Amino acid sequence: MTAIRRIDVLGLRNLSNVQLLPGEGVNIFFGANGSGKTSLLEAVYYTGLGRSFRSQRVESVIQTGLDEITVFSELFSGATIGVTKGRSGNHILKLMGERQSNWLPTARQLPLQLLNSDSFDLLEGSSKTRRKFLDWGVFHVEHDFSGDWRGAAKCLAQRNLLLKQRTPDKQQLEAWGAELGSYAARIDCSRRSYITLFLPVFERTLSSLIGIPGLAVKYFRGWEDGAELVDVLNASLERDVRYGATQTGPHRADLQIRIGKSRADEILSRGQQKLVVVALKVAQGVLLSELTGTKVLFLVDDLPSELDKNNRKRVCELLCQLESQVFMTCVDASDLDDAWPSSICPRKFHVEHGKIRPV
Ligand SMILES: Nc1ncnc2c1ncn2[C@@H]1O[C@H](COP(=O)(O)OP(=O)(O)OP(=O)(O)O)[C@@H](O)[C@H]1O
Ligand SMILES: [Mg+2]
């Protein structure tokens, strides 16, 4: 079961020393501005991904006056994950007490989905955000994907390095282009299979929240259909040399989310956008559970904002149907009082000055 039984947090922002026993289902953290609610979600995120979703620099996350952050989590499955990060970027990651050299094993143990104010980027941000979203799903479903992805990234880096040279070696460019092409074909194939499974789940999930006639999600693989990437790269070599970087390939893939000819964010209200984003993320949780039996842990920061009472209720009902563990924050607990089905009794925790106590 992908759910946290116990989490200890030391030295993360204003959370000096927190020990928490969350429930397997919905957990609500409420408290005043600046009390430490988002910091707790950050701590959980550290467990799964070893980094913050708010700051690139670990120094801003480590509590002022301390040298490191430690987050220790025990899952209901019995797995333990320990993370220590210091100011100089040094880190120790342990899974079941054994030191790990990268984050892939913990990311697989604890698939996380975060819903916060940055999630709107899925609609209004660059293609990078949507690619990351798509690749999260492919990564958890297709275990060869991370190897192909790393292979493509290496070819791309080498090709871009050559493109930046005064007189790039054409033969070498073609060789890296050919290798990139073969990784790209596999990446495209994995992404395409995932998206074929994902779209019906997304449509079902969205329609349980809101009807948006004409909303369509379309996958673009990063280069034109019907052509091999290697041929496209060879044909557009001059342009790539001019830009000093590869302009087509799997690193340019996108999920175009449109209503008619417009981008969805240009038409939808803020609340409607939030429901689309919730549907996208929840659909990934549903699909992962259907395909692998793995439940996704949901981190939801400030659910009430932008949503009216009925829509809060719809989102909460949807999250309950997932039977996943949910960590949800809000300023005022009463904002979510009527949002739950009668069979659900969320655990509530009051957050105050970096202390968290069950209510
Ligand atoms: N490195 C740090 N060291 C100590 N305290 C910090 C550090 N970084 C941030 N803080 C403080 O930690 C507190 C908790 O911030 P957090 O964002 O978790 O609050 P919050 O409960 O989510 O508030 P809001 O309702 O406004 O979103 C804030 O008072 C913030 O100023
Ligand atoms: Mg917050």
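Start by selecting helix H6, residues 145-163, and colour its buried residues: Phe 145, Ser 146, Asp 148, Gly 151, Ala 152, Cys 155, Leu 156, Arg 159, Asn 160, Leu 162 and Leu 163. Buried means under 20% relative accessible area, exposed means over 50%, and partly exposed is in between, using a 1.4 Å probe and protein chains only. Helices (H or I, at least four residues) and strands (E, at least two) are DSSP runs, numbered from the N terminus.

Two notes before you go on. This is a predicted model, in which local features need pLDDT of at least 70 and side-chain atom pairs count only at pLDDT 80 or more, while totals for chains, interfaces and linings use all residues. Residues are numbered from 1 along each chain as its sequence is written, chains are lettered from A and ligands numbered from 1 in the order in which they are written, and side-chain values use heavy atoms, leaving out hydrogens and water.

Now show what covers the buried residues of H6: the cover includes helix H3 (104-109), helix H5 (127-141), helix H7 (170-209), helix H8 (229-235) and helix H9 (237-243). You can also check the length of H6: its 19 residues should span 27 Å at 1.5 Å a residue, and its end C-alpha atoms are 27 Å apart, so the two agree. The expected span is 1.5 Å times one less than the number of residues.

**Next stop: a pair of helices**

Select helix H10 (residues 270-292) and helix H11 (residues 309-322), whose axes come within 10 Å and cross at roughly 5°. That angle makes H10 roughly parallel to H11. Axes are lines fitted to C-alpha atoms, for helices over the stretch in contact, with angles from 0 to 180 degrees between N-to-C directions. Angles under 35 degrees count as roughly parallel, over 145 as roughly antiparallel, 65 to 115 as roughly perpendicular and the rest as oblique.

Which residues of H10 and H11 make the contact? On H10, show Leu 275, Val 278, Val 282, Gly 285 and Val 286; on H11, show Asn 311, Val 315, Leu 318, Leu 319 and Leu 322. Contact means heavy atoms within 4.5 Å.

**Next stop: aromatic rings**

Rings of Phe, Tyr and Trp (its six-membered ring) pair if their centres lie within 6.5 Å; planes under 30 degrees apart count as stacked, over 60 as edge-to-face and the rest as tilted. The count by this rule is six aromatic pairs. Select Phe 29 and Phe 349: their ring centres are 4.9 Å apart and their planes are at 15°, so the pair is stacked. Phe 29 lies in strand E3 (residues 26-30) and Phe 349 in strand E14 (residues 347-352), so the pair ties together parts 320 residues apart in sequence. Phe 29 is buried at 1% relative accessibility, and Phe 349 is buried at 2%.

Move on to Phe 198 and Phe 202, whose ring centres are 6.0 Å apart with planes at 10°, so this pair is stacked. The two are four residues apart in helix H7, which means about one helical turn separates them. Add Phe 133 and Tyr 194 to see the cluster that ring pairs form with Phe 198 and Phe 202.

**Last stop: Arg 87**

Finish in the loop between strand E5 (80-86) and strand E6 (91-95), where you will find Arg 87. Is Arg 87 buried, exposed or partly exposed? Its relative accessible area is 31%, so Arg 87 is partly exposed. Leaving aside neighbours within four places in sequence, Arg 87 has contacts including Val 58, Glu 59 and Asp 67. The C-alpha atoms of Arg 87 and Glu 59 are 5.4 Å apart, with their positions 28 residues apart along the chain.
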